[in-house]
Each structure stands twice: as structure tokens, then as C-alpha cells.
Amino acid sequence: FLESWPPVAAMMGARHGAIGLVLLAICGVVSAVKELPESKEEVKNRESRIILRYQKSQTGQESLDSRVKRLESLPGISRAEALPSLDMAVVVCKTPEDEDDVLEALQTQQGVEAAVPDTWVQLDDLPKPPRGPTPQSTEMCDANPRCKAWGLQDACCPTRDGLWMECCDDRPPPIDKERHGFSTISLLSWHGGYLAAMRWGAVGFYPSMEHQDTRFFVVPHVDGYVSLKNQHGAYLVTTPSGRIACWHRGHGVADDFEKFKFIYNKDGSVSLRSKSSDKYLAAEHPKWGVATADREEIDDWEKFNVTTVHGWDTVIPNDESFEKLWGMNHFGGRDIDAVEAWRFFPAPPSNNVVVAVIDTGIDYTHQDLKERMWTNPNEIPDNGIDDDGNGIIDDVYGADFANDDGDPFDDQMHGTHCAGTIAGHGNNAEGVAGVAWAGVRLMALKFLSAS
């Protein structure tokens, strides 16, 4: 296993020796448990089990057998079996509903190094370091004629974060995938703690979002729900008792226990509703370190403020109000993925594209539009002469067909709004950015008046 996955071996040896021992021991338990009379699948189908590892320094003070015998006296445990060669034990819960309470009780036992639900551990799905998928040759933009004609570069069919461009010849029907972008979100609770999912599966709260455990990838699904994946490759999950954990459950695509729906509150906060429990996620006080999905209604404890950290796969212009453009970029997937698309487009040709805005005109003096306006090369401004002979005098930026003159200035502002969405000057530290914020000129064709 380690030879086939060198980065993990290096990680274990370099900085995470203790965790490496636990993972190696779990590998041994998975094989050792096969010695039980029933097959692994038969046992897992009817039993809820927990793997328990003791610290090396603790086992000498009390024999493993005596520790295991004492475990059977704890509420919710039907039996416990020792694995002496590994300093570990397998605990069998009386019912699946007892698993959360037993797990919590075991984690507080003296000398316990780790306690992991065996039903949610699979050797083949241990966390892998995040990395961009390497596209196949057929996925590249230049391998698809329409994408190539548009001048797109890198991967298109699909893109590196799993999106299929319109120019792809054969697009499959939408299905759930684990692929996602590299932007992350952090969730700040009403109590002032950031939701955190630790490497070993516990979920709690940290006082700062600087730690990587507070940053989650948002994985969208075709049914409108999302999953939150931590930096170690595991999903937030609602357990049958309604508690929130973050285990590797042995499958690549999230199921209903790992799905949530964002609820957008009027105060700008968000709430998360679990698909499996159909209840809201609540943050208990950070000192208690508990997150549950068992609330029927939204109150302060069910509200979170979201902070987004943009990934390397995005282009974010520096316009002061860009973050308000949720249609361009939104953590919950309510956008057109503009910031991801901008990264795949090469530098646009210099002002070769002209877009005619047929509306109420355009405010061509606006700070985000004045440098994006098309100008008539055959017309001399403000000389009162129809220089180009088209029947319209001084039609420099377009024409006004509502008032039959050459000045299409917007006196209603709807056209200006549309023009900003199309090609507002981006990355100029002012205002907003349009979808095509470089390389496009705007022609104002006014046919509607303010009334």
C-alpha cells in the first residue's frame, strides 16, 4: 500500500508519525478481523463496530486483556475483542444507534490513542492529497473542433473541475461526481467559532480560519444539494443519531448522509439542512465542540457566515464591488462559473468584438463603461455634421432611435445596467466587472425612452 502511494509514506515518516502508526494499525485490523468466524461483509451488515488503539506507553501499565474486559461494562457495548499484536481492540455496539455514544465514551478513556468506526473505514479510500486531475487527450480543448475554433485552451470536455463546455461535441447527461474546484469556504458560527473537520474524523470549532481544517471544498450535486469535503478528502456526514462527523466511508461519490442544502437567510448568513435527517445543522457552543443536524427551525445557532478563499483555478478581478456579483461567482453554485471560465480563455483580441446593446441607451461617461465604448471611426464628434453620410448626425457611440438623433445617452439606466453585465471594465479597482471585461466594445442603440 505505502509503496503504491509514495506521498503518503513520506508524509507519515516526516511529520505525522503517530497518525501513520494508527493508519498502519487500522490496515492490520482490517485483515485481522477476517479471522472472526463470519465474513467481514456479513459482520458489517449486522454489527456496528469500533476499532480502538491504545498508546504504546499505556499498555504496559495495564494488560490489554484487562482493558478490553473493562470495556464490556460500558453502556452500549455488547462485546470487545483484543488484538494483542497491534495493541488494539474491536468493540461491537449493541445497536447501530449506540455507536455515537460509545464512540464518544471511548475517546475519553485513559490511554486511548484513536477510536474509529470500522463500518465507515475502507483501506482503499484513505485520504489523498488534493491535486488537479490530469486531463485525457480527448478532453483537451484543441481536440474538440468548436472549442478550438473559439480559441479555448487547456481542458474543455470536461474542464479540470468537471464542467462541460458548450462547445463539446458529446456531452454526457449530468451525474454526480466528486470533482470540484479548488476554492474553499469557511463557516463562522454565531458563537464565534469556525466549523472544523479534523483528520481523524472529529468535527468541532476553531477560533480562527487560518487552520486548514476549517476550509471545505463545495461539491455540487445534480439534485440541488452540496457536499462539504475537508482538506483530507472526507465529507461532512450526518450520522443516524443526527451528529456531524467527517469520516472516509469507503465510496467516492457522496450519498444522502453526506449531502446538505444551503438556505440563504435574509441577514446574509446561511444555514445547512441535512438531506438524510431533513433537519438543520446547529453549532453548539465552541467550548462544547459539538455540531448536530437535529434542529427543526433556524435560530442563531443554525446560522453561519461564509468566507471564501479563491483557488488557483480562478481569476478574480480586483474591482471593489465584485464580491456582490453572486451571478458571476458564488460559493454555493448559483453562478455562471465566470471566474473559472476566465482562466481557460486566452488573452482576448484587442477590442475586435463589438456588442450592440439595444435598450434604453448607455451612460457612456460611467467609470466602468467609458473605456469600453465603441466609437464611430467615420464621425467627428460634436461638429453638427453627418460625416459618414448615414443620415444620423454625430452618431459617435451609437444612435438614439427613440428621439431620432445621434446621442444614445441612457436616461433610464436599464441599458447601462445591461452594458455593465456584458462588458463592464474589469480589474481596474473600481465598480464591477462584466462577463467580457476585456477585449469587447459596446455600441449603444437606444430605442426606449425613460418613459
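**View 1. Ala399 faces Leu445 across two paired strands.** In this predicted model, Ala399 stands opposite Leu445, a residue of strand 19. The strands behind this view are strand 18 and strand 19, the latter covering residues 440-446, and they run parallel with three bridges between them. As a reminder, strands in a sheet pair through backbone hydrogen bonds, and the pairing can be parallel or antiparallel.

**View 2. Three strands make an open sheet.** Step back from that pair and you get an open sheet of three strands, ordered 17-19-18, with parallel pairing. Strand 17 (353-359) and strand 18 (398-400) sit at the edges with a single partner strand each, so one side of each has no neighbour in the sheet. From one strand to the next, the twist averages 20 degrees. Helix 9, spanning residues 414-423, packs on this sheet and touches strand 17 and strand 19. The direction of helix 9 makes about 155 degrees with that of strand 17.

**View 3. Asp404 and Ala429 have positive phi values.** Most non-glycine residues have a negative phi, so what are we looking at here? Asp404 has a phi near 55 degrees, which is positive even though the residue is not glycine. You'll find Asp404 in the loop between strand 18 and helix 9. With 69% relative accessibility, Asp404 counts as exposed. Ala429 is another non-glycine residue with a positive phi, in this case about 65 degrees. Look for Ala429 in the loop between helix 9 and strand 19. Ala429 counts as partly exposed, at 43% relative accessibility.

**View 4. Arg243 reaches Asp101 in a salt bridge.** The model has 12 salt bridges by the rule used here, and one of them joins Arg243 to Asp101, with the closest N and O atoms 3.1 Å apart. This pair links distant parts of the chain, 142 residues apart. Arg243 belongs to the loop between strand 10 (237-238) and strand 11 (244-245), while Asp101 is part of helix 6 (residues 99-107). Both partners are partly exposed: Arg243 has a relative accessible area of 28%, and Asp101 has one of 48%.

**View 5. Asp223 and Lys259 belong to a salt-bridge network.** Asp223 and Lys259 form a salt bridge in which the closest N and O atoms are 2.9 Å apart. Here, too, distant parts of the chain are linked, with the two positions 36 residues apart in sequence. Asp223 is in the loop between strand 8 (217-220) and strand 9 (226-229), and Lys259 is in the loop between strand 11 and strand 12 (260-264). Is Lys259 buried or exposed? Buried is the answer, at 5% relative accessibility. Its partner Asp223 is partly exposed, with a relative accessible area of 28%. If you widen the view, Asp223, Asp256, Lys259 and Lys275 are linked in a network of salt bridges.

**View 6. Arg295 pairs with Glu284.** In this salt bridge, the side chains of Arg295 and Glu284 meet at 2.7 Å, N to O. Arg295 is in strand 15 (residues 291-295) and Glu284 is in the loop between strand 14 (280-283) and strand 15, so the pair ties together parts that are 11 residues apart in sequence. Which of the partners is buried, with a relative accessible area of 13%? That one is Glu284. Arg295 counts as partly exposed, at 24% relative accessibility.

**View 7. A cis peptide bond comes just before Pro158.** Most peptide bonds are trans. The one joining Cys157 and Pro158 is cis, with omega about 0 degrees. Pro158 is located in the loop between helix 7 (145-149) and strand 5 (184-189).

**View 8. Asp169 touches residues further back in the chain.** Asp169 is in the loop between helix 7 and strand 5. What does Asp169 contact, leaving aside its neighbours within four places in sequence? The contacts are Asn144, Pro145 and Arg146. Asp169 and Asn144 are 25 residues apart in sequence, and their C-alpha atoms are 6.9 Å apart in space. Asp169 is partly exposed, with a relative accessible area of 45%.

Definitions and conventions:
Residues are numbered from 1 along each chain as its sequence is written. This is a predicted model: local features need pLDDT of at least 70, side-chain atom pairs count only at pLDDT 80 or more; totals for chains, interfaces and linings use all residues. Side-chain values use heavy atoms; hydrogens and water are left out. Two strands pair if DSSP finds at least two bridges between them. Helices (H or I, at least four residues) and strands (E, at least two) are DSSP runs, numbered from the N terminus. Axes are lines fitted to C-alpha atoms, for helices over the stretch in contact, and angles run from 0 to 180 degrees between N-to-C directions. Contact means heavy atoms within 4.5 Å. A salt bridge is a side-chain nitrogen of Lys or Arg within 4 Å of a carboxyl oxygen of Asp or Glu. Buried means under 20% relative accessible area, exposed over 50%, partly exposed in between (1.4 Å probe, protein chains only).
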